[in-house]
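Student: I'd like a close look at the empty space inside this protein. Could you take me through it, along with the parts around it?

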Amino acid sequence: MTTVSIFVDESGEQGFQSKYYAITLVFHDQSEAVLPAFTKYERVLQDAGLPDIPLHASPLLNGHDDYELLTVGERKRLLSHFLIMSQSLPIQYLTFLYRKNDFPSLPHLEMRLKRDLVNVLFEHINYLHQFNTVKLYYDGGQGLITNSLHTAIEYVLSKQAIVYRQGSPLEYRLAQAADFFCTIELTARKYQFHEQTATDERFFGAYGSFKKNFLKKVRRHMLPSQ
């Protein structure tokens, strides 16, 4: 039996405090091995004397939560090592990114997200039909995401082919990859409109450096249009 996993992460709260709302889907054909990359990554961190903290990009960049006692240099190295590890993973991703002020209310944003998810899933229906089962991993943190995902995927695919799983980044490296890719795409949008923060520039440099060292490498994993 063939299975594709879809790991989901979002950036932005269910409200209008933040400017953007982003959701990233990471696709993994479970027949392709990921454990060798994870094992190598853990060994690299150990050899470098760095803690193996489940990657959560926003706290890493801002020095919060489990990253509070780490220096900027250590956090930069963690980010770099995760980027390198992600390059060897047999995964692809898609990101949906919205400026909240473009929508009069949260239900309007949810309707747009559902529509976009349905359109993209139909666009890649031949890819999805290669698999007997689609396993969707999401931590259920936001009802908007949960509702949109369930509505879209059940509209496009047979319910019998879908399995839902809790997908916390604390448990799954690929959920961490979704978090990482989501952050990179959001950062790209901020640079595009000259909205990058001092923290962004501290970790990524000027836009040219960010594009060369992060964005281009990450986008090699983008799921191609059909």
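How many cavities of 30 Å³ or more does a search of the whole structure find?

Tutor: Two cavities of 30 Å³ or more turn up in the search. Before we look inside, remember that this is a predicted model, where local features need pLDDT of at least 70 and side-chain atom pairs count only at pLDDT 80 or more, while totals for chains, interfaces and linings use all residues. Residues are numbered from 1 along each chain as its sequence is written, and side-chain values use heavy atoms, with hydrogens and water left out.

A cavity is a set of points on a 1 Å grid, over the protein atoms alone, where a 1.4 Å probe fits but cannot get out; lining residues have an atom within 4 Å of a point. Points are joined across faces, edges and corners, and the volume is the space filled by probe spheres set on them.

Start with the largest cavity, which holds about 50 Å³ of space. Around it you'll find I6, L25, L117, L121, L136, L149, A152 and I153. That lining is eight nonpolar residues, with no polar and no charged ones (Ala, Val, Leu, Ile, Met, Phe, Trp, Tyr, Cys and Pro count as nonpolar, Asp, Glu, Lys and Arg as charged, the others, Gly among them, as polar). Helices α4 (106-123) and α6 each bring at least two residues to this lining, and α6 gives the largest share, three residues. (Helices, H or I of at least four residues, and strands, E of at least two, are DSSP runs numbered from the N terminus.)

Those two helices also pack on each other, at an angle of about 35° with axes 9 Å apart. (Axes are lines fitted to C-alpha atoms, for helices over the stretch in contact, and angles run from 0 to 180 degrees between N-to-C directions.) From α4, L106, E110, L113, K114, L117, V118, L121 and F122 take part, and they meet L144, I145, N147, S148, L149, T151, A152, I153, Y155 and V156 of α6 (contact means heavy atoms within 4.5 Å). Sorted by class, the residues of this contact are 13 nonpolar, three polar and two charged. So you can find L117 and L121 in the helix contact and again in the cavity lining.

Now for the sheet. It is an open one of five strands, in the order β3-β2-β1-β4-β5, with mixed pairing (two strands pair if DSSP finds at least two bridges between them). At its edges sit β3 (91-99) and β5 (162-165), each of which pairs on one side only. Going from one strand to the next, the twist averages 20°. Helix α6 (residues 143-156) packs on this sheet, where it touches β1 (3-11), β2, β4 (133-137) and β5, and its direction makes about 165° with that of β5. Strand β2 (residues 20-29) pairs with β3 in the antiparallel sense, over nine bridges. One of the places to look is F27, whose bridge partner in β3 is Q92.

F27 takes us to the second largest cavity, with a volume of about 30 Å³. Its lining is F27, L94, V120, L121, H124, L128 and L223, or by class six nonpolar, one polar and no charged residues. L121 is worth clicking on: it lines this cavity and the largest one too.

There are pockets to see as well; a pocket is an open set of points with protein on both sides within 12 Å along at least five of seven lines. The largest pocket has a volume of about 380 Å³. It has 17 lining residues, and S11, S58, L186, K190 and D200 lie nearest its centre. Elements α2 (57-62), α7 and α8 (198-204) each give two or more residues to that lining, with α7 giving the largest share, four. The lining divides into three nonpolar, nine polar and five charged residues.

The second largest pocket measures about 300 Å³ in volume. Of its 18 lining residues, T95, F96, E185, R219 and M222 lie nearest the centre, and the lining divides into 10 nonpolar, four polar and four charged. Two or more residues come from each of β3, α4, α7 and α9. Finally, α7 (residues 173-192) and α9 (residues 207-218) pack at an angle of about 145°, their axes 11 Å apart.
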